[in-house]
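This report looks at strand pairing and at side-chain contacts that join separate parts of one chain. Please keep the sequence and the model at hand while reading.

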Amino acid sequence: LNERWSGELLTEIKVRTGINTARVLVGNYGCDYRLNYTALGDGVNLASRLEASNKVFGTTVMVSEATMEGAAKEFFFRRLGRILVPGKALAVMVYELLFEQAQPTSPSPDSESEASGTDIAHRRQWVHKDLVLRAANLYEKGVGLFSEGNPEAAVVWFREALSVLPSDSPSRVLVEACERAAEGTSPRDGVLRVTK
């Protein structure tokens, strides 16, 4: 919808989504005069917390480990790290959904001046995906070190990811988390605490 609207100069819609895979109770709850169709359970609560945690990371789609494992053949995911969300005693591993696995074809060697507007948009999309994947690979190295409690080594990789993709919000968030852990103002356990 946003792609279609961008050509018509309409406002972009921005939403955050949290996705978790779990067994939950779904149905009509209540009594004869007041029913509510809803989903209940810890899995629903976690999905809601993931949606809210997107705001911390500057991401739009955050998923649980169970969801990532079930969809890894169809989509590219980036491990964001372990987070502790309100209402949970244990940290959970979370991932960012990046894009579908379908590989874009690489741009043709023709110059942009000879290409149509669609071809140019396709090339830009391909280049952007390439940058995202390069930054995600560097981020992965950093998040591994951060999870092991080594923020001094991890921050180097997050900064390298930012040099490839300066707009990468999760890298910025983890640079700050590494700096706080190195200063001793937050624990060195490799867990990001989400308070809201």
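## Strand pairing and salt bridges

In this predicted model, strand β5 (residues 75-84) pairs with strand β6 (residues 92-100) in the antiparallel sense, and eight bridges connect the two. Within that pairing, Arg 79 has Tyr 95 of β6 as its bridge partner. Strand β5 also pairs with strand β7 (residues 191-193), here in the parallel sense and over three bridges, with Ile 83 standing opposite Leu 192 in β7. Strand β5 is mostly covered, since seven of its 10 residues are buried.

Salt bridges form a second theme: the structure holds nine of them. The table gives three, with the distance from N to O.

| Acidic residue | Basic residue | N to O distance |
|---|---|---|
| Glu 51 | Arg 16 | 3.5 Å |
| Asp 42 | Lys 88 | 2.6 Å |
| Glu 140 | Arg 79 | 2.6 Å |

The side chains of Glu 51 and Arg 16 meet in a salt bridge. Because Glu 51 lies in helix α2 (residues 42-57) and Arg 16 in the loop between α1 (2-6) and β1 (17-19), this pair ties together parts that are 35 residues apart in sequence. Glu 51 is partly exposed, with a relative accessible area of 27%, and Arg 16 likewise counts as partly exposed, at 37%.

The salt bridge between Asp 42 and Lys 88 links distant parts of the chain, with Asp 42 in helix α2 and Lys 88 in the loop between β5 and β6, 46 residues apart. Asp 42 counts as partly exposed at 47% relative accessibility, and Lys 88 is partly exposed at 25%.

Arg 79, already met as the bridge partner of Tyr 95, also forms a salt bridge with Glu 140. Glu 140 lies in helix α4 (residues 117-147) and Arg 79 in strand β5, so the pair ties together parts that are 61 residues apart in sequence. Glu 140 is partly exposed, its relative accessibility being 32%. In addition, Arg 78, Glu 96 and Asp 168 are linked in a network of salt bridges.

Which residues does Ser 169 touch, leaving aside those up to four places away in sequence? They are Phe 57 and Gly 58. Ser 169 belongs to helix α6 (residues 169-183), and a polar atom of the Ser 169 side chain lies 2.8 Å from the backbone oxygen of Phe 57. With a relative accessible area of 15%, Ser 169 is buried, because that value falls under the 20% cut-off.

Note on methods: Residues are numbered from 1 along each chain as its sequence is written. This is a predicted model: local features need pLDDT of at least 70, side-chain atom pairs count only at pLDDT 80 or more; totals for chains, interfaces and linings use all residues. Side-chain values use heavy atoms; hydrogens and water are left out. Helices (H or I, at least four residues) and strands (E, at least two) are DSSP runs, numbered from the N terminus. Buried means under 20% relative accessible area, exposed over 50%, partly exposed in between (1.4 Å probe, protein chains only). A polar contact is a pair of N or O atoms within 3.5 Å; within protein, one must be able to donate a hydrogen and the other to accept it, and residues adjacent in sequence count only if both atoms are side-chain atoms. Contact means heavy atoms within 4.5 Å. Two strands pair if DSSP finds at least two bridges between them. A salt bridge is a side-chain nitrogen of Lys or Arg within 4 Å of a carboxyl oxygen of Asp or Glu.
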